[in-house]
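The following report describes selected features of the structure shown below. It proceeds from a local strand arrangement to the backbone, the nonpolar cores and the contacts between chains and domains.

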Amino acid sequence: MDLIAQRNAPIFEAMQELRKRRVVPFDVPGHKRGRGNPELLEFLGEKCVGVDVNSMKMLDNLGHPISVIHDSEVLMADAFGAKSAFLMVNGTTSAVQAMVLSVIKEGDEILLPRNVHKSVINALVLCGGIPVYVPVDVNSRIGIATGMKVSEVKRIMDAHPNAKAIFVNNPTYYGIASNLREIVRLGHERGMKVLVDEAHGTHLYFGDQLPISGMAAGADLAAISMHKSGGSLTQSSVLLAGENMAPEYIRQIINLSQTTSASYLLMVSLDISRRNLALHGQESFQKVSNMAEYARSEINDIGGYYAYGRELIDGDSVYDFDVTKLSIYTRDIGLTGIEVYDLLRDEYDIQIEFGDLGNILAYISIGDRIRDIERLVGALEDIKRLYENEKKELYCGDFITPDLVLNPKQAFYSEKVQLPLKEAIGKVAGEIVMCYPPGIPILTPGELVTEEIVEYIEYSREKGCDLQGTMDPECREICVIK
Amino acid sequence: MDIWYSQMDTDNVKTSIRIDKQLFSEHSDYQRIDVFQSKEFGKMIALDGEIIFSEADEFIYNEMVVHVPMAVHKHVKDVLIIGGGDGGVAKTLIQYPEIESIDVVEPDEMFIEVSKKFFPETAKGFDDDRVNIINMDGLRYLRRCKDKYDLIINDSTDPFGHTEGLFTKEFYGNCYHALHDDGIMVYQHGSPFYDEDEAAFRAMHRKAFRSFPISRVYQASIPTCPAGYWMFGFASKKYHPLKDFNPDKWNARNIKTWYYTTHLHLGAFMLPKYVEDILNEEENRG
């Protein structure tokens, strides 16, 4: 990384210049620096609304970058050790979809673990690719899916030698990383591209003692949620590409669905965040790691909770663990993760990232302070004292192996009928069902609806999970193929 | 030269005090600490820009958080002060011979050092053998305490600064846990007058009311506080601040005071109607 060059922030500098020039706007947006929308101006402030501008000569154009956006993307690529980088303005969802659409065409197979984000499945609905799942183990103590075992990856690769790509979570929402370097080697040996979902892994590029990053492991594409650990604005993201990918083609794929009015607020936030990460990332994430480790030890001291960390590492299905993640297993105090999540919000004014059946995840980042950690720990202790219940066994039905009957695109575009869940048993799903967060599918288009899956959905609902994805907003009915 | 310190009570109201000179200004790991010399209030210390202590009116505050619970509780042996880096509360407590230990939990070492340097008279509370200073976050310290104290005094004043954790439900829960079965907790209840402080005032009472069987509020006039009006919370597991109040026993101690009297004790719990209304509303909220 060229640290001198990284001190620049081309989009940021161009926007400052624009502000100084006091250009009279006879272009969009129509709020004209906020004057046309005084309430919005008052709420967001002149500094913010005043730079909500459109593409113009001095600010370049995200659809075809040739000046400041291009320069910013070059710096981005350099900061992340990639061959090329693309600023994304429709979330990491758009980056994930661009990865899949760049390498998968109608009928192509893609290998992936089941605990992928729904954006991957949706990309397959768009392109007609066929998912081939690599089974992942569920850690029976804490009920979460681990990473992919190298032996399983190899077995599935051998069974599907024509697959075009393998998709890897690096790390999972909970912080678990697979042996990425080895998966890259196996994939490349067979001519497969390796796509890495780093929605929860921006910081891997800027830390010691953290799992290896996609680009460092030699992956071909990586989707980076800069707005999560990187500090940029919500919805901004980055797509990285390695040596063997043609950036011109990826740009065309991105432009298929990308807005032609990309937000400069999002882009400048990426530019500034990249500079900050390049110059101070190491130091910042060391602090984040220290805070998370402190929280882990304090929470484990309370007793009853299990804040897990590097001890999960087994060299295979948990090849590495991202210590910046603060995931806590709550079932030993007789409460589900969702129950603790709700209590923290309603009783203690603490909003955490998510709660699932057995765990909660508190997101620790460069914006945290130790006193906030003390509040979280204090609240967890108080919850244990006030709400502790008899210990319940964990429903270990997570990650029921799906039975894929049709490919997602065929299933999604088939004639469908909406049925109550129970009546849908034995039919083929035409839509996705998931708990959000984390947004990992329980059922995807093309899969057989089984009794076991319906039971799991009902159980999740009863425990307070937010079920989404179906046309029925309550998720009591599901679209199946006629 | 004309130097004025201004404290913004609200966006539209400020209290200004003429400053003779600024004696100290530094950022500690927790907050900005300033010491001023003023004509009217003597030396003052401000944390993150808010006066928390002045030589002229500190006696009101210290006497009210100490003597009120001490005249109610039957036998205080172990006291915990959360915050209290200036030493004023400890100084007032050491007048009671039956107290065996006073733990002061103040995370900010610089605050203590500054108090010792500029306010040696007040900070001499720290010199008593019964006083132990513990440099630790209050919430963190409390997590490890169970059935340990007769009296807890929360000396932190700002529900929005670095001490915000000391105004949360978990804090009251942790205090409850740290007290003996007849323990009392006294805390800063802020000022209810300005709209922007009212929400915090309500939230505090709601949390204390739900955590303790007895929870009352009492008042004092303190010139450097917003609107010159300040409230304290009295949360207790067993003793009622008026029904279990023993004026004769307290008067027999012959402790010299400038603000507190046993008459004033009774009066302090008699609140203006609008404050009573606020408290009732929070108590009746589901």
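In this predicted model, Ala222(A) stands opposite Leu240(A) in strand β10(A). The pairing to which these residues belong joins β9(A), residues 221-224, to β10(A), residues 237-241, in the antiparallel sense over 4 bridges. Strand β9(A) also pairs with β8(A), residues 193-198, here in the parallel sense and again over 4 bridges. Within that second pairing, Asp197(A) is the residue that stands opposite Ala223(A).

Are the residues of β9(A) buried or exposed? Leu221(A) and Ala223(A) point one way from the strand, Ala222(A) and Ile224(A) point the other way, and all are buried.

**Backbone features of chain A**

Most residues other than glycine have a negative phi, and most peptide bonds are trans. The table lists sites in chain A that depart from these tendencies.

| Site | Backbone value | Location in chain A |
|---|---|---|
| Val28(A)-Pro29(A), cis peptide bond | omega about 0 degrees | Pro29(A): loop between α1 (10-21) and α2 (38-44) |
| Asn170(A)-Pro171(A), cis peptide bond | omega about -10 degrees | Pro171(A): loop between β6 (165-169) and β7 (176-177) |
| Arg33(A), positive phi | phi near 60 degrees | loop between α1 and α2 |
| Gln235(A), positive phi | phi near 90 degrees | loop between α9 (226-230) and β10 |

The loop between α1 and α2 of chain A thus holds Pro29(A) and also Arg33(A). Why does Arg33(A) count as partly exposed? A residue is buried if 20 or more other C-beta atoms lie within 10 Å of its own, and exposed if 12 or fewer do. Arg33(A) has 19 C-beta neighbours inside 10 Å, and therefore counts as partly exposed. Gln235(A) has 18 other C-beta atoms within 10 Å, so this residue is partly exposed as well.

**Nonpolar cores**

In soluble globular proteins, nonpolar side chains tend to be buried together. The largest nonpolar core of this model has 151 residues. Those with the most contacts inside it are Val100(A), Phe167(A), Val238(A), Leu239(A), Leu240(A), Met267(A) and Ala295(A). Leu240(A) is also the residue of β10(A) that stands opposite Ala222(A).

Which helix gives the most to this core? Helix α11(A), residues 264-302, does so, with 13 residues. The core also draws at least three residues from each of domain 1 (282-387) and domain 2 (408-481) of chain A.

Val100(A) illustrates the surroundings of one such core residue. Leaving aside neighbours within four places in sequence, Val100(A) is in contact with Ile110(A), Val120(A), Ala123(A), Leu124(A), Cys127(A), Gly129(A) and Leu195(A). A second, separate core has 61 residues, including Ile152(B), Leu179(B), Phe232(B) and Ala268(B).

**Contact between the chains**

The contact between chain A and chain B takes 12 residues from chain A and 13 residues from chain B. On the side of chain B, the elements that give two or more residues are α5(B), residues 138-143, and α6(B), residues 169-178. Helix α6(B) gives the most to this side, with 6 residues. By class, the side of chain B that touches chain A has 2 nonpolar, 6 polar and 5 charged residues.

**Domains of chain B**

Chain B is divided into domain 1 (3-54) and domain 2 (58-283). The C-alpha centres of these two domains lie 23 Å apart. Their contact takes 19 residues from domain 1 and 19 residues from domain 2.

Which elements give two or more residues to the side of domain 1 of chain B that touches domain 2 of chain B? They are β2 (14-27), β3 (32-38), β4 (42-47) and β5 of chain B. The largest share of this side, 5 residues, comes from β5(B). By class, the side of domain 1 that touches domain 2 has 10 nonpolar, 4 polar and 5 charged residues.

**Confidence of the prediction**

The model scores ipTM 0.72 and pTM 0.82. Chain B averages a pLDDT of 91, and 97% of the residues score at least 70. Among the elements of chain B, helix α9(B), residues 262-268, has the highest mean pLDDT, 97. Strand β5(B), residues 50-54, has the lowest, 87; this strand also gives the largest share of the side of domain 1 that touches domain 2 in chain B.

Note on methods:
Residues numbered from 1 in each chain as written. Chains lettered and ligands numbered in written order. Predicted model: local features only at pLDDT ≥ 70, side-chain atom pairs only at ≥ 80, totals over all residues. Pairing = 2+ DSSP bridges. pLDDT = per-residue confidence, 0-100. Core = buried A, V, L, I, M, F, W, Y, C linked by C-beta atoms within 7 Å. Domains from an automatic or database assignment. Contact = placed C-beta atoms within 7 Å. Nonpolar A, V, L, I, M, F, W, Y, C, P; charged D, E, K, R; others polar.
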